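User: Please take one part of this model and look at it closely, describing how it is packed against its surroundings. I would like a connected account that moves from pairs of elements down to single residues.

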Amino acid sequence: MFPFFFSALFKGSFEWWQQGSALYFALSLDQLTRPLGHSLAQHYELTVFLTRMAFLGELFVLPVFLFPLKRNFIRWLVFGFVFLFFLATSTLMLIGLFPLCFMACSVLFIPSSFWQKVWPVAFENVSFQDEADSSLALKQIVTDFFLLFSFVLVCIWNLQAIPSRLLVF
């Protein structure tokens with residue numbers, strides 16, 4: 001998740017957000033582009049939209065992943081984004097095994113509840129915290145609030161250190 005987030009911060013330049021032409025220019029390279037990529041490059045407005053969506057996805061995937069509430073839903077959301085992002089990358093451009101490796105690694109973001117249902121034998125002797133226990137509910141809420149507050153504070157603190165020329169929206 002960190003490579004996505006920090007590469008998005010690095011991509012705060014003109015061609016990524018204001019002009020939105022990064023995908024168009026990447027698909028204009030004949031050596032790297034697959035036939036579907038050549039077809040997509042003919043639709044400039046669509047490439048502008050996809051460039052901006054990729055930029056926003058990369059920028060928000062880490063904060064969303066670290067959000068302490070609704071963990072199962074968020075893990076499915078992150079898994080879907082990462083898997084589809086690299087599936088699209090591998091179908092549009094020929095850049096070797098890089099997208100396939102990331103697609104394989106994205107399986108790590110699937111929630112453990114899914115694996116408990118699919119492969120219950122591996123989880124026979126593993127005990128998980130019961131979220132229905134009322135004595136732990138308040139402790140969990142306080143912990144989640146503290147983590148969310150700390151995360152927001154760290155994000156604000158780090159955004160202040162980024163030069164304003166990189167944060168042009």
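**The helix packing around H4 and H5**

Analyst: In this predicted model, the crossing of H1 and H4 is left-handed. The axes of these two helices come within 7 Å and cross at roughly 130 degrees, which makes H1 oblique to H4. On the H1 side the meeting residues are Phe-2, Phe-4, Phe-5, Ser-7, Ala-8 and Leu-9, and on the H4 side they are Phe-55, Glu-58, Leu-59, Val-61, Leu-62 and Pro-63. Sorted by class, this contact of H1 with H4 holds ten nonpolar residues, one polar residue and one charged residue.

Pro-63, one of the H4 residues in that contact, deserves a separate look. Pro-63 lies in helix H4, which covers residues 44-66, and it counts as buried because its relative accessibility of 18% falls under the 20% cut-off. Once its neighbours within four places in sequence are set aside, Pro-63 is in contact with Phe-5 and Phe-151, and Phe-5 is also among the H1 residues that meet H4. Pro-63 can further be related to a distant part of the chain: Leu-148 is 85 residues apart from it in sequence, while the two C-alpha atoms are 10.0 Å apart in space.

H4 also packs against H5, at an angle of about 150 degrees and with the axes 10 Å apart. The two helices are therefore roughly antiparallel to each other, since angles over 145 degrees are classed that way, and the crossing of H4 and H5 is left-handed. Here H4 contributes Ala-54, Gly-57, Glu-58, Val-61, Val-64 and Phe-65, and these meet Ile-74, Arg-75, Leu-77, Val-78, Phe-81 and Phe-85 of H5. By class, the residues of this contact divide into nine nonpolar, one polar and two charged. Glu-58 and Val-61 are named both in the contact of H4 with H5 and in the contact of H1 with H4.

Val-64, another residue of helix H4, can be followed across to H5 in detail. Leaving out residues up to four places away in sequence, Val-64 touches Ile-74, Leu-77 and Val-78, and those three appear in the list of H5 residues that meet H4. The C-alpha atoms of Val-64 and Leu-77 are separated by 8.8 Å, with their positions 13 residues apart along the chain. Val-64 nevertheless counts as partly exposed, because its relative accessibility is 28%.

H5 itself has 22 residues, and its span of 31 Å from first C-alpha to last is close to the 32 Å expected at 1.5 Å a residue. The buried residues of H5 are Ile-74, Val-78, Phe-79, Val-82, Phe-85, Phe-86, Thr-89, Ser-90 and Leu-92. An α-helix has 3.6 residues a turn, so residues three or four places apart point the same way. What covers the buried residues of H5 includes helix H1 (2-10), helix H2 (22-27), H3, H4 and H6. Ile-74, Val-78 and Phe-85, which belong to that buried group, are also among the residues in contact with H4.

A further partner is helix H6 (residues 98-105), which packs with helix H5 (residues 71-92) at an angle of about 160 degrees, the axes being 9 Å apart. That makes H5 roughly antiparallel to H6, and the crossing of H5 and H6 is left-handed. The contact is made by Val-82, Phe-83, Phe-86, Leu-87, Thr-89 and Ser-90 of H5, together with Phe-98, Pro-99, Phe-102 and Met-103 of H6. These residues divide into eight nonpolar, two polar and no charged. Val-82, Phe-86, Thr-89 and Ser-90, all taken from the H5 side of this contact, are listed as buried.

The C-terminal part of H5 can also be related to helix H3 (residues 35-41), in which Ser-39 is found. The C-alpha atoms of Ser-39 and Leu-92, which are 53 residues apart along the chain, are separated by 9.3 Å. Ser-39 is partly exposed because its relative accessible area is 38%, whereas Leu-92 is among the buried residues of H5.

For the setting of this region, the chain has eight helices and zero strands. Buried residues make up 28% of its 169 residues. Of the contacts with a separation of 6 or more, 66% join residues that are 24 or more positions apart.

Methods
Residues are numbered from 1 along each chain as its sequence is written. This is a predicted model: local features need pLDDT of at least 70, side-chain atom pairs count only at pLDDT 80 or more; totals for chains, interfaces and linings use all residues. Side-chain values use heavy atoms; hydrogens and water are left out. Helices (H or I, at least four residues) and strands (E, at least two) are DSSP runs, numbered from the N terminus. Buried means under 20% relative accessible area, exposed over 50%, partly exposed in between (1.4 Å probe, protein chains only). Contact means heavy atoms within 4.5 Å. Axes are lines fitted to C-alpha atoms, for helices over the stretch in contact, and angles run from 0 to 180 degrees between N-to-C directions. Angles under 35 degrees count as roughly parallel, over 145 as roughly antiparallel, 65 to 115 as roughly perpendicular and the rest as oblique. A crossing is left-handed if the near helix is turned anticlockwise from the far one by less than a right angle, and right-handed if clockwise. Ala, Val, Leu, Ile, Met, Phe, Trp, Tyr, Cys and Pro count as nonpolar, Asp, Glu, Lys and Arg as charged, and the others, Gly among them, as polar. The expected span of a helix is 1.5 Å times one less than its number of residues.
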